[in-house]
Amino acid sequence: MADSGEDDVQRIHVGETGDGEPLEFPTVEVLTGRAFITGKSGSGKSILGGTPVHTENGRKPIEDVSEGEQVLSLNKRTYEQEFQPVQAVIEHEADDLLQITLEDGTEIIGTEDHSFLTIDDLEIVPVQGSDVEEGTWFPLARELPSAEDVTEVDLAEYVPETANLTIRDDEIQSGPRTDDRHLDLDLETGKVVGLYLAEGSFDARDTLQIANIDDGVRSFLDGQGFNVYERTCNKGFKPFAKFLQSEFGVGAGGKSLPAWIFDTPAAFRKGVISGYFDGDGTINGDSASVLSKSSELIDGMKELLRQFGISTTLRDKFTTYNGEEQQYTRLTVDSFSLATFAEVVDLEVVQKSEQLETATAGIADGGTYNSKDMIPGFGPVLNVAAREQGWTLRDSDNRVSGASVHHLTRQQKAGRQTFNRLVDELDIEGRTAALGQSDIQWKRVVDVSPVSGTRTVYDLDVALNDNFIANGVFVHNSNSTSVVVEELLEAGYPVLIVDTDGEYYGLKEEYELLHAGADEECDIQVTVDHAEKLAHLALEENVPIILDVSGYLDDEEADDLLRETVRHLFAKEKKLKKPFLLVVEECHEYIPEGGGVGETGNLLIKVGKRGRKHGLGVVGISQRPADVKKDFITQANWLVWHRLTWENDTKVVGRIVGSDYADDVVDLGDGEAFIQTDWSDEMVRRVQFKRKRTFDAGATPGLDDFERPDLKSVSGSLMEDLDDISDRKEQERSRIEELESKLENREQRIAELESELETARDVSAAARKMANALAHGDGAPPEEYQATLQTKNEHIDRLEERIDELEARIDESDAEAAADENADENEDADADADTEAEADEAPSESASASAAESDDDGPKDALVDAVQARLRRRGERSQLRDGSEDTTPEESSGPAPETVVDLLQAAPVVTRVNAARRDSKCNDDAAWQLVSELATNPGADAHDLAAAAGVDVEAAHTLLRELRTRDLVTRTDRTYAFNADRMRALVEHDDPSKPRTELRDQWEP
């Protein structure tokens, strides 16, 4: 019967009772109450028996999979395939079957209500069988696993022991022939099996005959114990013959691959493929193919190849022979997999092997377009990235590529290689890049046909991913969102849905909702700073919202966002008192049974207890009632129990509803549920939720003004408000980055000062060593030596004063940086105050910079200015400005010692001399002794210089070679002299505004 209540109470229609009466819920009770919805509401029980499923223990029919086994499934967030445990196996009879055929020939049979998987804007989403049509994209596993645990065959299992056949422990005697009892499944055995599948038959005595053979195959079979003849190769071992007949069939149309072959060692499987292509394969151009009357054999070969990551396409071929039409199936290796195929097979037919090598080389040269490995459903992501990179601008060098991106986006498909190249060039990361590198191969549906009759079908309840691989295709094990939520949206009432798995995005196809979360696919990316605005939009502007927390890498960030949004909802409802529903998916994550309930969980419990009197209702949804805090469930005023299969979950039904219902809940049909409501006279009802949504246009006082807005008309203002919050956050981040940049600049300035200090010390030390060498060396000092020495001493004093000054400035910079860091830590977050502070700070920094630049004794100019001033005073001798050399006949062998001594004190020259010294075998003292000798005795040879400086001649040679490498020293007739022109050029072109580093000053002129 229908729910009791006043006639003027507005209701939503959600299904039918067992008597066929409409099942209606009072809208206010739904919006303001506490509810718990659990179980699988959708079909399930949907894949035809016999369909292969891959488990960690090997490939097996779906009906043989047991609870607890690990099956291969698809992680819809990372696009990677992985093993997950089966939580339940469901069996059912169905008569609404569909056969779905993909473009590569793959077929799968399921019910109309079963959820398959497809792609929509990078999201892998369920699609019911009834909604699948030509062009729908399905995900396939790029490579299927193998347990590889079937390693040998006992041939005794295929023949009874008779008078003519004796079975022993390790061998079998059949007639006059004795052979191994156990057949090792290796490469050679695989090739024999493959050749049998292609060209094998038996005579009346069960003698194996392989016909139409190549010389290479004949040679191979000779080595395998076959009798080799001109037209056939024969083997008369009956146990082996019975094994082939029993497991692989006989006749052109009766052969197939047994299920166990997919879990044999890789070498054996490669051998089967190799032998089959040696016998029936055709290789030409850029393709490799086989043709067979047996579609079962071709289907098995297709799966066997996919175990090695080889993609293939199947096509039916019809021929007429003697007036009778005959049907064949052709398997063709897709061109992009041909290189992998060539690595897998070991062909005995030399001609085919050479043709395969040629075909593979042609594809590697880029001569073949790949149309078999496509990436679909990437939406506007590439277009947006192309615009951000400026590819769409008229003067862009990538204008043509930008147009190509736009074309691919319109088509919603691109070759994997093209897609990955564009993703790389556009510097796209995240899920878009992951899609191109994933374990998925996408194929389109080419045919959907009904299957007559009633068949046994199965479904697997798989943990976490809710999907599994059936016949190589990823399919969704069935569950549905709450029909109640859909009905509220249909009737125009706003809700806020907390989506923990990113599965509610499909609602936007029918309803206008604001999708907020962390992913680029969301309408807006939000953080905890948006929480109050989201609550305002939901309650005060009646905007339905999907709060998608699935995309946050940091669980704490998602938890904070949910908690603050619910807190603001609760606070606003105290004043507004408007009926509003909060839907929380996977509520066991926040209010777990037997675990610690965090701050967010406690807030949800508070909403459940006190929210109703303010008008705020909450619905907790979980597929695992055993994992949900029982206080939350028992205090709910309406509960929905869909089909449950786990014993722990059915026990919860028994405790709360009753043991009879615990037994029956496992047998609930598609869309069926047990319902408990406190507004009905009946305690528990078995009801059927409707599958299609309807619109209830009725209006009741207190509810009729809660009209869902047209987001298209208000989205601009909504997004502006939300974007303002994001902009303020971005401004804060920019301010932090700016302050960090200032700190980094100060640290860099300190490093520059330390570099200049080190250079000053080097120059000071060099000057002292030069003066010491000149004072005590064996070379004759020039006439003005005393005056020059006095000048050098004065310069040394100035350098030491400069060192003290630089050390003081470094200390000041360290102090300023520390002060700035403390100031940054205590800085007010107000943006206007930051701007004023920057304005006050800027003149000071500018003034400091100007002062530094105008200071003649500043760290950037002091050293070079001193040298250049001295050189100008001696212009009659060095003439730096025009680069001429003032020489006399006596100085023809090299520049004047005074000139060299002056130039050797310049910072860029000192840097290079020190670099040469480090790369030589001279220590510091020996190097400068040699430099001093060479400066005062130009034209000396290496032996004389080494002897005068007291240095080993080999070490002297290494220093001179390094000085010549840097063009500081010239060599003429085995004598050496400083290159004054080069040294002057270094001084003249030196840029004191740049920090002096060894690399720059060593190699730049």
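Two strands count as paired if DSSP finds at least two bridges between them. In this predicted model, Phe 318 has Gln 327, in β26, as its bridge partner. The points below cover that pair of strands, a twelve-stranded open sheet, a patch of negative charge on the surface, and two loop residues with a positive phi, Tyr 79 and Glu 148.

**The β25–β26 hairpin**
- Strand β25 covers residues 312–321 and strand β26 covers residues 324–333; ten bridges join them, and the two run antiparallel.
- Together β25 and β26 make a hairpin, with two residues between the strands.
- Asn 322 sits in the turn of this hairpin and has a positive phi of about 55°.

**The open sheet**
- Twelve strands make up an open sheet with mixed pairing.
- Their order is β2-β1-β41-β40-β39-β3-β38-β37-β33-β36-β34-β35.
- The edges are held by β2 (22–26) and β35 (524–525); each has a single partner strand, so one side of each has no neighbour in the sheet.
- Within the sheet order, β36 is followed by β34; four bridges join β34 (residues 514–517) to β36 (residues 545–548), and these strands run parallel.
- Leu 514 stands opposite Ile 545, a residue of β36.

**The patch of negative charge**
- Seven residues are not spread apart but gather in a patch of negative charge on the surface: Glu 152, Asp 169, Asp 170, Asp 180, Asp 184, Asp 186 and Glu 188.
- One of them, Asp 170, is placed in the loop between β15 (165–167) and β16 (171–174).
- Asp 170 counts as exposed because its relative accessibility is 58%, and the cut-off for exposed is over 50%.

**Loop residues with a positive phi**
- Most residues other than glycine have a negative phi.
- Tyr 79 is not a glycine, yet has a positive phi of about 65°.
- The loop between β7 (70–74) and β8 (81–94) contains Tyr 79.
- Tyr 79 counts as buried because its relative accessibility is 0%, where buried means under 20%.
- Glu 148 is likewise not a glycine and has a positive phi of about 55°.
- Glu 148 lies in the loop that runs between β13 (137–141) and β14 (152–154).
- With a relative accessibility of 39%, Glu 148 counts as partly exposed, because that class lies between the cut-offs for buried, under 20%, and exposed, over 50%.

Terms used:
Residues are numbered from 1 along each chain as its sequence is written. This is a predicted model: local features need pLDDT of at least 70, side-chain atom pairs count only at pLDDT 80 or more; totals for chains, interfaces and linings use all residues. Side-chain values use heavy atoms; hydrogens and water are left out. Patches are made of residues with over 30% relative accessible area and no salt bridge: like charges are joined within 9 Å, nonpolar side chains (Val, Leu, Ile, Met, Phe, Trp, Tyr) within 5 Å. Accessible areas come from the Shrake-Rupley method with a 1.4 Å probe; for residues, only the protein chains shown count as cover. A salt bridge is a side-chain nitrogen of Lys or Arg within 4 Å of a carboxyl oxygen of Asp or Glu. Lys and Arg count as positive and Asp and Glu as negative; His and the chain ends are not counted. The place of a charge is taken as NZ of Lys, CZ of Arg, CG of Asp or CD of Glu. Buried means under 20% relative accessible area, exposed over 50%, partly exposed in between (1.4 Å probe, protein chains only).
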